[in-house]
Amino acid sequence: MTPTRADVCAAAIADAFVDDGELFASPMGLLPTLGVRLCRLTQNPDLVISDGESLFLASPPPLSARGDVVEGWIPFRRVFDVVANGKRHVMMGASQVDRHGNQNISAIGDFSRPTRQLLGSRGAPGNTVNNRTSYWVPKHSPRVFVEQVDVVSGVGPQRAQAAGPAASRYHDIHRIVSDLAVLDIRGPDDTLRLLSLHPGVTLDDVRAATGCDLTLPDSVPETRLPTAEELVLINEVLDPHGLRFKEVPDR
Ligand code: F8G
């Protein structure tokens, strides 16, 4: 089986949850859900997963299928308890991410009169100051990776430090996985840093698709390919209908 770009993204997302141990993995969106369930079935069997609504599940079901064995109940109001205790790693989407790791899912343009109203900040501020947070960007482009977000929903490291210990004590932006690359916010002064390029993606591709400066390692490694076992799990167990290609078209 030849790995597709979507498979590489799923494996890169799975790698973001490898060293979490028994944390509640909270993926927002298709590829994050696929990656988290892949990680649970392979590298981190202790990962706590849910159906994305209100049920903790004993084992990862295929995408868009219901879980068979329920292990617990986690309605929204209880999610806040888990968030506040930090026992969670959330992977959110991002309409904008800036060089300092701030995320925007609220609005585009001036906040008093936005040109586009998006989802709203929802749980993003609380997530970023209480538990480990990662981001998934299905379309890596200069309008997503910007010098400064229009509205801060998810707080970046420098803003958390400026806000004091209450915001910085548990602050941990872990990974940003896009359809082109894997990044983090551990460049100089907590800025955007490239960690690896997906197979077939060049440094120039990422530079052209990033609207702000990017710290580069001396030599940029290639994002790993999924293993044969992971490809079987993705194609035959977790996503037999290829829903992943809706977010990352086959290429
Ligand atoms: C743009 C840009 C851009 C989009 N620049 N324009 C334009 C310029 C685009 C379109 C238009 C719309 C714990 C917890 C919670 C909870 C718990 C507590 C969370 C209770 C749950 C509920 C709650 C947050 C989780 C996410 C989702 C993040 C996304 C994307 C999307 C849609 C994939 C859904 N840069 N960008 N535009 N939620 N969001 O041209 O213009 O804007 O664009 O954790 O909730 O409260 O707390 O993608 O939308 O993580 O992933 O929003 O691009 O934004 O429709 O494409 O075409 O109309 O002209 P999108 P799109 P036009 S945690």
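Trainee: What makes a residue part of the ligand's surroundings in this predicted model, and how many residues surround the ligand?
Mentor: A residue is near the ligand if one of its heavy atoms lies within 4 Å of it. In this predicted model, 18 residues surround the ligand, and the closest are Arg-88, Gly-93, Ser-95, Asn-127 and Arg-143.

Trainee: Why does the pair between Asn-127 and the ligand count as a polar contact?
Mentor: The pair must be N or O atoms within 3.5 Å. An N or O atom in the side chain of Asn-127 is 2.8 Å from an oxygen atom of the ligand, so the pair counts.

Trainee: What makes Gly-93 and Gly-123 qualify?
Mentor: Their backbones do. A backbone N or O atom of Gly-93 lies 2.9 Å from a ligand oxygen, and one of Gly-123 lies 3.3 Å from a ligand oxygen. Both distances are within 3.5 Å, so both pairs are polar contacts.

Trainee: How much of the ligand does the protein cover?
Mentor: The protein covers 63% of the 1200 Å² of accessible area that the ligand has on its own. α3 and β5 each give two or more residues to the shell, and α3 gives the most, with three.

Trainee: How do the residues of the shell around the ligand divide by class?
Mentor: Nine are nonpolar, five polar and four charged. Gly counts as polar, so Gly-93, one of the closest residues, belongs to the polar class.

Trainee: Why are Arg-116, Lys-139 and Arg-143 called charged in the lining of the second largest pocket?
Mentor: Lys and Arg count as charged, so these three residues fall in that class. The lining divides into six nonpolar, three polar and three charged residues.

How values were computed. Residues numbered from 1 in each chain as written. Predicted model: local features only at pLDDT ≥ 70, side-chain atom pairs only at ≥ 80, totals over all residues. Heavy atoms only, no water. 1 Å grid on protein atoms, 1.4 Å probe; cavity = no way out; pocket = protein on both sides within 12 Å on 5 of 7 lines; lining within 4 Å. Polar contact = N/O pair within 3.5 Å; in protein donor to acceptor, adjacent residues only side chain to side chain. Areas by Shrake-Rupley, 256 points an atom, 1.4 Å probe, with all protein chains shown as cover. Helix = DSSP H or I, 4+ residues; strand = E, 2+ residues; numbered from the N terminus.
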